[in-house]
Amino acid sequence: MTTSRSSAGTFRHIPLRPFGRVVEAPGGDARISDIPVDELARWTHESRVLVLRGFRLLETQEFADYCRLWGEVLKWEPGEVIDLVVEENPRNYLFADGDVPFHWDGAFVEADPRYFFFQCLEATPGVGGETVFSDTTAAYRDADSDLRDVWSRISITYTTEKMVHYGGEITERLVAQHPSTGVPVLRFAEPLDPAVYKNPVQAAVHGIDGAMAEEFLASMAERLHRPEYCYAHDWRKGDIVIADNIALVHGRNAFSGPTNRHLQRVEVI
Ligand SMILES: [Fe+2]
């Protein structure tokens, strides 16, 4: 654990495993704006997931306005702030209680969000539903040069029907460069089986022999789920989380019981 000081006071920095960082404000009543944006952005790039505890949550409009200090806020049809709650008869798996496979946010919009912000208004402890982040920079770093060579030729077309606030078709190269840190990242979303998920996502792999495509998709999913690359965030009411949407892919564990969890999310381009 380390501490940092700013004009607003002293914050405790507690490392998470295998990556991520909790920044705790001892008094329990700090404001996120007490910490300069460039400092928070640096910590986010270093740790990829930043969990702020002991900070006041923001009103909905205030939350969007705060995120605007970081860059352009993505506007979805429902608005800039998306309420994530579990519904009984959802149209989309994001609002159901099952697992959510790995993806990056904003795949089906024009620009890839660089950061996403969450605040947790309600949480039910001990019923699963953890948000799982996988560090693609670490997965790339650990791959040997032959594998990196294969990956460098791959691009993937993802297709999904628009059910809620996103949908369409996009093609992305598997390997990209992080615009802020310059390190290689993997852009990968797990295909969603129509028999299991309410809004299937198809993935067509280009750049390798067609017969190898299924094997590639399965092996990439297996690799990104390895415990050494994954941090599972168990939500507590009052958490504010900032995550690097370009270095990471994320998903969610299934819930094991009823939950009143309520998260709000904003994406910054
Ligand atoms: Fe997501």
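Which residues does E169 touch, not counting residues up to four places away in sequence? I began my notes on this predicted model with that query, and I found that E169 touches F108, T157, Y158 and T159.

**Entry: E169**

I placed E169 in strand β10, which runs over residues 168–173. I then looked up its accessibility and noted 56%, a value at which E169 counts as exposed because the cut-off for that word is over 50%. I also took the separation between the C-alpha atoms of E169 and E214, and found 19 Å for these two residues, which stand 45 residues apart along the chain.

**Entry: helix α5**

Since E214 had come up, I turned to helix α5, which covers residues 213–224 and has 12 residues. From its first C-alpha to its last I read a reach of 17 Å, close to the 16 Å expected at 1.5 Å a residue. I listed the buried residues of α5 as A213, F216, L217, M220, A221, R223 and L224. They lie on the same side of α5, because they cover an arc of only 160° around the axis. I reminded myself of the general rule that an α-helix has 3.6 residues a turn, so residues three or four places apart point the same way. On the other side of α5 I found E214 and E215, which are exposed.

**Entry: the iron ion**

Next I asked which atoms coordinate the iron ion. I wrote down H103 through NE2, D105 through OD and H250 through NE2, at 2.1 to 2.2 Å. Along the chain these donors follow the spacing H-x1-D-x144-H. H103 lies in strand β6 (residues 100–103) and H250 in strand β16 (residues 248–252), so the pair ties together parts that are 147 residues apart in sequence. I checked the exposure of the two histidines as well, and both H103 and H250 are buried.

**Entry: E267**

D105 appeared again when I looked up E267, whose contacts, leaving aside neighbours within four places in sequence, are E72, V73, L74, W76, D105, P113, Y115 and F116. I located E267 in strand β17, residues 262–268, and noted that it counts as buried, with 0% relative accessibility. I also recorded a polar contact of 3.1 Å between the side chain of E267 and the side chain of R265.

**Entry: aromatic rings**

Two residues from that contact list, Y115 and F116, led me on to the aromatic rings, and I noted that the structure holds 11 aromatic pairs. One of them is formed by F116 and F118, an edge-to-face pair with 5.3 Å centre to centre and 85° between the planes. Both F116 and F118 are buried. I then found Y115 in an aromatic cluster, which it forms with Y66, W70 and F117.

**Entry: H13 and the loop after β2**

Is H13 buried or exposed? I read a relative accessibility of 6%, at which H13 counts as buried, and I placed this residue in strand β2, residues 9–15. A polar contact of 3.0 Å joins the side chains of H13 and R21. Leaving aside neighbours within four places in sequence, I found H13 in contact with M1, T2, T3, S4, R21, V22, V23 and W43. In the loop between β2 and β3 (21–24) I came to P18, and I noted that the peptide bond from R17 to P18 is cis, with omega near 0°.

**Entry: R48**

I looked up R48 for its backbone angle, and wrote down a positive phi of about 70°, although R48 is not a glycine. Both this entry and the previous one made me recall that most residues other than glycine have a negative phi, and that most peptide bonds are trans. R48 sits in the loop between α1 (37–47) and β4 (49–53). I counted R48 as buried because its relative accessible area is 18%, and the cut-off for buried is under 20%.

**Entry: V85**

Last I looked up V85, which is found in strand β5, residues 82–85. At 30% relative accessibility, V85 counts as partly exposed. I closed with the separation between the C-alpha atoms of V85 and S33, which is 26 Å for residues that stand 52 residues apart along the chain.

Note on methods:
Residues numbered from 1 in each chain as written. Predicted model: local features only at pLDDT ≥ 70, side-chain atom pairs only at ≥ 80, totals over all residues. Heavy atoms only, no water. Helix = DSSP H or I, 4+ residues; strand = E, 2+ residues; numbered from the N terminus. Expected span 1.5 Å × (residues − 1). Buried < 20%, exposed > 50% of the residue type's maximum accessible area, 1.4 Å probe, protein only. Arc of directions from axis to C-beta. Contact = heavy atoms within 4.5 Å. Polar contact = N/O pair within 3.5 Å; in protein donor to acceptor, adjacent residues only side chain to side chain. Donors = N, O, S within 2.8 Å, 3.2 Å for Na, K, Ca; no water. Phe/Tyr/Trp six-rings, centres within 6.5 Å; stacked < 30°, edge-to-face > 60°.
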